[in-house]
Amino acid sequence: MATERARIAVYPGSFDPITNGHVDIIERGVRLFDRVVVAILRNIEKSPLFSVDERVEIARRVFADVPTVEVDTFDGLLVEYARRRGATAIVRGLRAISDFEYEMQMALMNRRLYPDVETVFMMPAETYSYVSSRLVKEIFALGGNIAGLVPPLVEARLHERAGAR
Ligand code: PNS
């Protein structure tokens, strides 16, 4: 009998910082795929909150107990990375209709570039449907409470930074 290939999904993003919405999507992905590769984009963003290395370290710690989650970085075209990793799927979270247009455009463009990889959309729990890294950063910077929106490790790191300033 032919051995089945492992089903690998790539979950790409900036994850600056990783939120509980991302964590929720990764946990859902773990139930569907043999391996979920959290792929952190190495872009030259002007002012990231956390360096790529910190984001990798945080995500690895958050998923330290889940052997089927791998955290990696990529640059260049996402589909090239997915191809190199032998992924059959790209996972993206859809929070609201407002995400849809951008996500559909990316999914169709990625399909055109590399038809062998399928984009799979998943909806996070409703409690996270309004959570984004951008809002978390803004709320924290303005002194708001971000408990429950991000993993406790992210919250702790943010407080450490604020304390060091
Ligand atoms: O969730 P984010 O942070 O908006 O992620 C965007 C991401 C990383 C998925 C997207 O910018 C991307 O895929 N960048 C890699 C470059 C690429 O392949 N661009 C063409 C997309 S159609």
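**A pocket and the strand beside its centre**

The largest pocket in this predicted model has a volume of about 880 Å³.

Reader: Happy to start there. Which residues are the closest to the centre of the largest pocket?

Author: Good place to begin. The lining of this pocket counts 37 residues. Those closest to its centre are Pro-12, Gly-13, Ser-14, Arg-92 and Glu-103.

Reader: Which element gives the largest share of the lining?

Author: Several elements give two or more residues to the lining, among them S1, H1, S4 and helix H4 (97-113). By class, the lining has 18 nonpolar, eleven polar and eight charged residues. The largest share is eight residues, and the element that supplies it is H4.

Reader: Let's turn to S1, then. Is strand S1 largely enclosed or open?

Author: Let's go residue by residue. In a regular strand, side chains alternate between the two faces of the sheet. Here Ile-8, Val-10 and Pro-12 point one way, while Ala-9, Tyr-11 and Gly-13 point the other way, and all of these are buried. Six of the six residues in S1 (residues 8-13) are therefore buried, which makes the strand largely enclosed.

Reader: Which residue of S2 stands opposite Pro-12?

Author: S1 pairs with strand S2 (residues 35-41) in the parallel sense, over six bridges. To get from S1 to S2 the chain passes through helix H1 (residues 20-32), a β-α-β crossover that is right-handed. Across from Pro-12 in S2 you will find Ala-39.

Reader: And which residue of S4 stands opposite Ala-9?

Author: S1 also runs parallel to strand S4 (residues 89-93), and two bridges join them. In S4, the residue facing Ala-9 is Ala-89.

Reader: Tyr-11 caught my eye. Is the aromatic pair of Tyr-11 and Phe-15 stacked or edge-to-face?

Author: Nice one to check on screen. The model has two aromatic pairs in its count. For Tyr-11 and Phe-15, the distance is 5.3 Å centre to centre. Their planes are 70 degrees apart, and planes over 60 degrees apart count as edge-to-face, so this pair is edge-to-face.

Reader: Why does Phe-15 count as buried?

Author: The cut-off for buried is under 20% relative accessible area. Its partner Tyr-11 falls below that cut-off at 5% relative accessibility, so Tyr-11 counts as buried. Phe-15 counts as buried because its relative accessibility is 4%.

Methods:
Residues numbered from 1 in each chain as written. Predicted model: local features only at pLDDT ≥ 70, side-chain atom pairs only at ≥ 80, totals over all residues. Heavy atoms only, no water. Buried < 20%, exposed > 50% of the residue type's maximum accessible area, 1.4 Å probe, protein only. Helix = DSSP H or I, 4+ residues; strand = E, 2+ residues; numbered from the N terminus. Pairing = 2+ DSSP bridges. Right-handed = clockwise from strand over helix to strand, strands pointing away. Phe/Tyr/Trp six-rings, centres within 6.5 Å; stacked < 30°, edge-to-face > 60°. 1 Å grid on protein atoms, 1.4 Å probe; cavity = no way out; pocket = protein on both sides within 12 Å on 5 of 7 lines; lining within 4 Å. Points joined across faces, edges and corners; volume = space filled by probe spheres on them. Nonpolar A, V, L, I, M, F, W, Y, C, P; charged D, E, K, R; others polar.
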